[in-house]
Amino acid sequence: MPKKSTNMSGVQCLSAENIWFDKQRYDEAEKRFYEGVNGPTTQQQQAKTSLQQAKGRQQKRQHRNSSSHAGGEQELVSRMKSLELENQTLHKVVADMRTALQKLESRVAMLEKTPAPAAVPCAKAAPVQAAPLKQVKVENGGGDDDDDDDIDLFGSDEEDEEAERLKQERLDAYAAKKAKKPTLIAKSSILLDVKPWDDETDMAKLEECVRSVQMDGLLWGASKLVPVGYGIKKLQISCVVEDDKVGTDILEEEITKFEDFVQSVDVAAFNKI
């Protein structure tokens, strides 16, 4: 019996306690206790840091707004000063225009009051003298037929001869002047490929034979040996010719006469100079 009463008293004690019903409040108190002992937690530090940063940003924003407001006021003041200067300049221009207009009106009024001057007579034109007519001398001696024969209606033959002589002299002078000018000679630059029979052909002798071709209007230039294949080289030689005197057909015909050395001749390039 005593044991049962003891158990009943413990249950009654537990039923009287309300700690389990206020667990959240006790947990919060325990958390605050440990925070006071160990310092604030990381989350609280981050919250505190973010709060400080927010305050700093707000202060910077306020400072920027105040500075921008001050800058805006300065810009407004400068614009007002420039507008005042421009207004003063415009006032001065308007005053000058008014003064000029008043002067112009006074001059117009004076001109309207004064009578118009008499018109100045035009200067007399200089008299035009007619060209003197050539007088035809008529000798009285014969009849009317003789008088008609003495009158020269178409001019004398001597004047025609003089004009013809002057014309011929001018033509001769022009022809002589034109003959003194150097005539333009048409020339061409030709590059020839001279091919030998084989690799045993003496190329120096071949070039000597080619250069031995001489004619009026032909001038030989530089030359070189160009490999063709299998040890064979061709002679590439340039020349300048006068188109009216030398042609490619004549050159090919003259060079191919050296049959012992030359197999063929080709025109590699042809340019007008």
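1. Confidence. The protein chain averages a pLDDT of 78, and 71% of the residues score at least 70. This is a predicted model, and one part of it calls for caution. Over residues 119-144 the pLDDT is below 50, and beyond near neighbours in sequence this stretch has six contacts in the model. Where pLDDT is low, the predicted coordinates should not be read in detail. The points below concern other parts of the chain.

2. Sheet order. Four strands form an open sheet in the order β2-β3-β1-β4, with antiparallel pairing. The edge positions are taken by β2 and β4 (264-272); each has a single partner strand, so one side of each is left without a neighbour in the sheet. From one strand to the next, the twist averages 20 degrees.

3. The β2 and β3 pair. These two strands are joined in the antiparallel sense over nine bridges. As a reference point for the register, leucine 219 has valine 240 in β3 as its bridge partner. Helix α6 packs on the sheet, where it touches β1, β2 and β3, and its direction makes about 15 degrees with that of β3.

4. Nonpolar core. The largest nonpolar core has 18 residues. Leu192, Val194, Val210, Leu218, Trp220, Leu251 and Ile255 have the most contacts inside it. At least two residues of this core come from each of β1 (187-195), α6 (203-211), β2 (218-229), β3 and α7 (248-255). The largest share, four residues, is supplied by β3. In soluble globular proteins, nonpolar side chains tend to be buried together.

5. Leucine 251. Leaving aside residues up to four places away in sequence, leucine 251 touches Ile190, Leu192, Leu218, Trp220, Cys239, Val241 and Val246. Leu192, Leu218 and Trp220 are also among the residues with the most contacts inside the core, as is Leu251 itself.

6. Polar residues of β3. Strand β3 (residues 232-242) holds glutamine 236, and lysine 234 also has its place in β3. Glutamine 236 counts as buried because its relative accessibility is 16%, under the 20% cut-off. Lysine 234 is buried as well, with a relative accessible area of 16%.

7. Aspartate 193. What do the side chains of lysine 234 and glutamine 236 contact through polar atoms? For glutamine 236, a polar contact of 3.0 Å leads to the side chain of aspartate 193. The side chain of lysine 234 makes a polar contact of 3.1 Å with the side chain of aspartate 193.

8. Surroundings of the two residues. Not counting residues up to four places away in sequence, glutamine 236 touches Leu191, Leu192, Asp193, Ala222, Ser223, Lys224 and Val226. On the same basis, the residues touched by lysine 234 include Asp193, Val194, Lys195, Pro196, Met203 and Lys224.

9. The loop between β1 and α6. Aspartate 198 is found in this loop and, at 32% relative accessibility, counts as partly exposed. A polar atom of the aspartate 198 side chain lies 3.2 Å from the backbone nitrogen of glutamate 200. The side chain of aspartate 198 also makes a polar contact of 3.0 Å with the side chain of threonine 201. Phenylalanine 261 is 63 residues away from aspartate 198 along the chain, yet their C-alpha atoms are separated by 9.1 Å.

Methods. Residues are numbered from 1 along each chain as its sequence is written. This is a predicted model: local features need pLDDT of at least 70, side-chain atom pairs count only at pLDDT 80 or more; totals for chains, interfaces and linings use all residues. Side-chain values use heavy atoms; hydrogens and water are left out. Buried means under 20% relative accessible area, exposed over 50%, partly exposed in between (1.4 Å probe, protein chains only). A polar contact is a pair of N or O atoms within 3.5 Å; within protein, one must be able to donate a hydrogen and the other to accept it, and residues adjacent in sequence count only if both atoms are side-chain atoms. Contact means heavy atoms within 4.5 Å. A nonpolar core is a set of buried Ala, Val, Leu, Ile, Met, Phe, Trp, Tyr and Cys residues joined through side-chain atoms within 4.5 Å. Two strands pair if DSSP finds at least two bridges between them. Axes are lines fitted to C-alpha atoms, for helices over the stretch in contact, and angles run from 0 to 180 degrees between N-to-C directions. pLDDT is the predictor's confidence in each residue, from 0 to 100.
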